[in-house]
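Hi there,

Here is the structure I promised to pass on to you. Have a look at it first, and then read my notes below.

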Amino acid sequence: MSTITPEVTWAQRSSTSEPEKNYIFLTIVATDVPEAEKELDLQPTKLTFKGTSTSKKVTYALELEFYAEIDPKESKIHHTGRDIELVLRKKELKEEFWPRLLKDSKKVHFLKTNFDKWVDEDEQDEAPDDEDYMSKMNPMGGGGEGGFGGIDFSKLGAAQGAGGLPGMEGLEGEGESSDDEDDDDMPALESDDKAEPATGKKIEEVA
């Protein structure tokens, strides 16, 4: 079985006073990796991931060394059938964005900007609030520094059938009406025939 590097997308926000608004959006695009085949370790300065896809028959392997420190205990994760989405809390409160995600300035082919989540530094106050999305993610903390203790991974796959990325829209679909509901609201079609009485015979027109 071959080993490949999964695609990674990212975006960020910054704040000097509100830690919950000082974070990195990170998405590892690794399709159909069950919990039993997934290894993910988040440390203050790096992330390592390994997982085997049941559909693509490949093993994903990834190691990222961050530009600056993050706080694993205040970070969150959401695992779907299409990817692994993380919100990483930046440790240092700063107005400025990180100039890049990784410590090494060398460009890597697998890392891309998540344009659905990205906003310019001077426009982030006007960006839509992500609280609804983030409230549905699971906290990382509980297992010591960088650990994942306390997370019930059996519950993380609940959104596997939902929509997907990019932009972390794995939670989309809320508020959509079903086809049955649409049919209920449709008016009855008019017929060219004249109305018929209960006998089932058509009313004849009078010349």
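**Strands and sheet**

Isoleucine 28 has isoleucine 84, in strand 8, as its bridge partner. Please keep in mind as you read that this is a predicted model. The pair belongs to a wider contact, in which strand 3 and strand 8 run antiparallel and share 6 bridges. On the other side of the story is strand 2 (residues 7–12), which is also joined to strand 3 by 6 bridges, again in the antiparallel sense. There, glutamine 12 stands opposite isoleucine 24 of strand 3.

How much of strand 3 is covered? Mostly covered is the answer, as 6 of its 7 residues are buried.

These strands are part of an open sheet of 6 strands, whose order is 9-2-3-8-7-10 and whose pairing is mixed. Strand 9 (111–113) and strand 10 (138–139) form the edges, each pairing on one side only. At the strand 10 edge, 2 bridges link that strand to strand 7 (residues 70–79), and the two run antiparallel. Isoleucine 77 has asparagine 138 of strand 10 as its bridge partner.

**Two residues with positive phi**

You may want to look at the backbone in two loops. Aspartate 32 has a phi near 55 degrees, a positive value in a residue other than glycine. Aspartate 32 sits in the loop that runs between strand 3 (23–29) and strand 4 (38–42). Is aspartate 32 exposed, partly exposed or buried? Its relative accessibility is 29%, so aspartate 32 counts as partly exposed, because that class lies between the 20% limit for buried and the 50% limit for exposed.

Lysine 57 also has a positive phi, of about 55 degrees, although it is not a glycine. Its place is the loop between strand 5 (46–52) and strand 6 (59–65). With a relative accessible area of 53%, lysine 57 is exposed, because exposed means over 50%.

**A patch of charge**

Which residues gather in a patch of negative charge on the surface? They are Glu92, Glu95, Glu96, Asp120, Glu121, Asp122 and Glu123. One of them, glutamate 92, is found in the loop between strand 8 (84–90) and strand 9. Glutamate 92 has a relative accessible area of 53%, so it counts as exposed.

That is what I have for now. I hope it helps you find your way around.

Best wishes

Technical notes. Residues numbered from 1 in each chain as written. Predicted model: local features only at pLDDT ≥ 70, side-chain atom pairs only at ≥ 80, totals over all residues. Heavy atoms only, no water. Pairing = 2+ DSSP bridges. Helix = DSSP H or I, 4+ residues; strand = E, 2+ residues; numbered from the N terminus. Patch = residues over 30% accessible without salt bridge, like charges linked within 9 Å, V, L, I, M, F, W, Y side chains within 5 Å. Areas by Shrake-Rupley, 256 points an atom, 1.4 Å probe, with all protein chains shown as cover. Salt bridge = Lys/Arg side-chain N within 4 Å of Asp/Glu carboxyl O. Lys, Arg positive; Asp, Glu negative; His and termini not counted. Charge placed at Lys NZ, Arg CZ, Asp CG, Glu CD. Buried < 20%, exposed > 50% of the residue type's maximum accessible area, 1.4 Å probe, protein only.
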